[in-house]
Amino acid sequence: MDLAFIPSPSVGVVHLGPIPLRGYAFCIIIGVFVGVWLGNKRWVQRGGRSGTVADIAVWAVPFGLVGGRLYHVITTYEPYFGKDGHPLDAFKVWEGGLGIWGAVALGAVGAWIGCRRRGIALPAYTDALAPGLALGQAIGRWGNWFNQELYGRATDVPWALEISSDPAVGRVGGTYHPTFLYESLWCVGVAVLVIWADKRFRLGHGRVFALYVAAYCAGRAWIEYMRVDEAHHILGMRLNVWTALIVFLLAVAYLVISAKKAPGREAIVEPGAQEEAAAAAGGADAKSAKSGKADATATSDESDEGRLDRSGAKVSVTKSAGGEGAGDAVPGDGADAAGGGAKTS
């Protein structure tokens, strides 16, 4: 008898009238928003304009979704194009099946298009986005929990994942390793590592992104090895394990070569952004100084108007041609000046 386990949701979709609300889709959408939000903060810190990351994401996200789905369908084609397959099911993204390798690869193509339109170097953009991608993946993996998919081998550990039986899809009930949770936590750790390394070593020219890729692949290799879902094998290992190893080596090679060819970090990530920020700051300072000068002048005028002579008359100050002020007494309440009987003007 299991003393503790992680329960799976009984359903992965809730219907709001005729509208289906799917947990898998919600996790993907929330992950995208978190990734863009963090990427925007980092981009502004690097000297870019606020909103640029979101503008480029309009290109990157659709390309990434298509790439993720294509990778899944190509590497797991049997349910769609094999014997008794259903080709139209290849379009049912909400049922799960997005390969991160295809998502990042084709998403990078979309980001490149967006960067070209804005005159921005792609490596600088990916460096700003890298930790957000890791956090987005961490959130998106919970979509597998809603769909009860991509779990590991059977286990009785306290944090085991309970899976319900479903003969229609060949799912056997029991408790299994929650590989979705392992990967989610690993991605959070990758995000923290990348942010720390970027601050500590001032990485640039795509090396932040390369570190994210290498760190993710290192975790994905052992997590993938634990999974029991159907997959193609090459030389006794799952296809995605090989993919993780190859991409890891490519990322490490890029880190080493890039550090030699382009050390340091880009001084400018978005043309004109720093000049606009400086001009806006200068305009604000000038406006503040002008406002302070006007306040000082008003205070001086009020002080002069309030000056009284010894007889109690208000003093009017008029500057002579030499610039010196001569004070003329103005009697108050119609009183005559002492001895003269005439008003002083």
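Guide: Welcome! A helix here is a DSSP run of H or I with at least four residues, and helices are numbered from the N terminus. Please keep in mind that this is a predicted model.

Visitor: What makes the place of aspartate 198 a helix?

Guide: Aspartate 198 sits in α7, which spans residues 179–201. A helix needs at least four residues, and the stretch 179–201 meets that. The whole protein has 10 helices, along with 8 strands.

Visitor: How do you know whether aspartate 198 is buried or exposed?

Guide: Its relative accessibility is 4%. Buried means under 20%, so aspartate 198 counts as buried.

Visitor: What does aspartate 198 touch, leaving out residues up to four places away in sequence?

Guide: Aspartate 198 touches Arg42, Leu203, Val208 and Arg265. With Leu203 there is also a pair of polar atoms to look at: the backbone nitrogen of leucine 203 is 3.4 Å from a polar atom of the aspartate 198 side chain. The limit for a polar contact is within 3.5 Å, so the 3.4 Å between these atoms fits.

Visitor: Which polar atom lies 2.7 Å from the side chain of threonine 175?

Guide: The backbone oxygen of threonine 155 lies 2.7 Å from a polar atom of that side chain. Threonine 175 itself belongs to strand β4, residues 174–176.

Visitor: Why is threonine 175 called buried?

Guide: Its relative accessible area is 14%. The cut-off for buried is under 20%, therefore threonine 175 is buried. Across the protein, buried residues make up 36% of the 345 residues.

Visitor: Why is phenylalanine 81 called exposed?

Guide: Phenylalanine 81, in helix α3 (residues 78–81), has a relative accessible area of 54%. Exposed means over 50%, so phenylalanine 81 earns the word. Beyond residues up to four places away in sequence, phenylalanine 81 touches Val73 and Pro87.

Visitor: How do you know whether leucine 235 is buried or exposed?

Guide: Leucine 235 has a relative accessible area of 77%. That is over the 50% cut-off, so leucine 235 is exposed. You will find leucine 235 in the loop between β5 (233–234) and β6 (237–238).

Visitor: What makes the phi of leucine 235 worth a look?

Guide: Most residues other than glycine have a negative phi. Leucine 235, however, has a positive phi, near 55 degrees. Leucine 150 also has a positive phi, near 60 degrees, and lies in the loop between α6 (142–147) and β3 (161–163).

Visitor: Where else does leucine 150 appear?

Guide: Leucine 150 is one of the residues that line the largest cavity, including also Arg141, Phe180 and Arg227.

Visitor: What makes a space a cavity rather than a pocket?

Guide: In a cavity a 1.4 Å probe fits but cannot get out, whereas a pocket is open. The search of the whole structure finds 1 cavity of 30 Å³ or more, and the largest cavity holds about 30 Å³ of space. Helix α7 gives the largest share of its lining, 3 residues. By class, the lining of the largest cavity has 3 nonpolar, 2 polar and 3 charged residues.

Visitor: How many nonpolar, polar and charged residues line the second largest pocket?

Guide: That lining has 17 nonpolar, 2 polar and no charged residues. The second largest pocket holds about 420 Å³ of space. Of its 19 lining residues, the closest to the centre are Val104, Phe209, Ala210, Val213 and Val247. Val and Phe, like Ala, count as nonpolar, so these five names fit the nonpolar class.

Visitor: Which helix gives the most to the lining of the second largest pocket?

Guide: Helix α8 does, with 6 residues. At least two residues also come from each of α4 (100–118), α5 (122–140) and α9 (239–261).

Visitor: Why is cysteine 217 called buried?

Guide: Cysteine 217, found in α8, has a relative accessible area of 2%. That is under 20%, so cysteine 217 is buried. Its contacts outside the sequence neighbourhood of four places are Trp101, Ala244, Val247 and Phe248.

Visitor: How far apart are cysteine 217 and leucine 245 in sequence and in space?

Guide: They are 28 residues apart in sequence and 6.8 Å apart in space, C-alpha to C-alpha. For the protein as a whole, among contacts between residues at least 6 apart in sequence, 66% join residues at least 24 apart.

Definitions and conventions: Residues are numbered from 1 along each chain as its sequence is written. This is a predicted model: local features need pLDDT of at least 70, side-chain atom pairs count only at pLDDT 80 or more; totals for chains, interfaces and linings use all residues. Side-chain values use heavy atoms; hydrogens and water are left out. On a 1 Å grid over the protein atoms alone, a cavity is a set of points where a 1.4 Å probe fits but cannot get out, and a pocket is an open set with protein on both sides within 12 Å along at least five of seven lines; lining residues have an atom within 4 Å of a point. Grid points are joined across faces, edges and corners, and a volume is the space filled by probe spheres set on the points. Buried means under 20% relative accessible area, exposed over 50%, partly exposed in between (1.4 Å probe, protein chains only). Contact means heavy atoms within 4.5 Å. A polar contact is a pair of N or O atoms within 3.5 Å; within protein, one must be able to donate a hydrogen and the other to accept it, and residues adjacent in sequence count only if both atoms are side-chain atoms.
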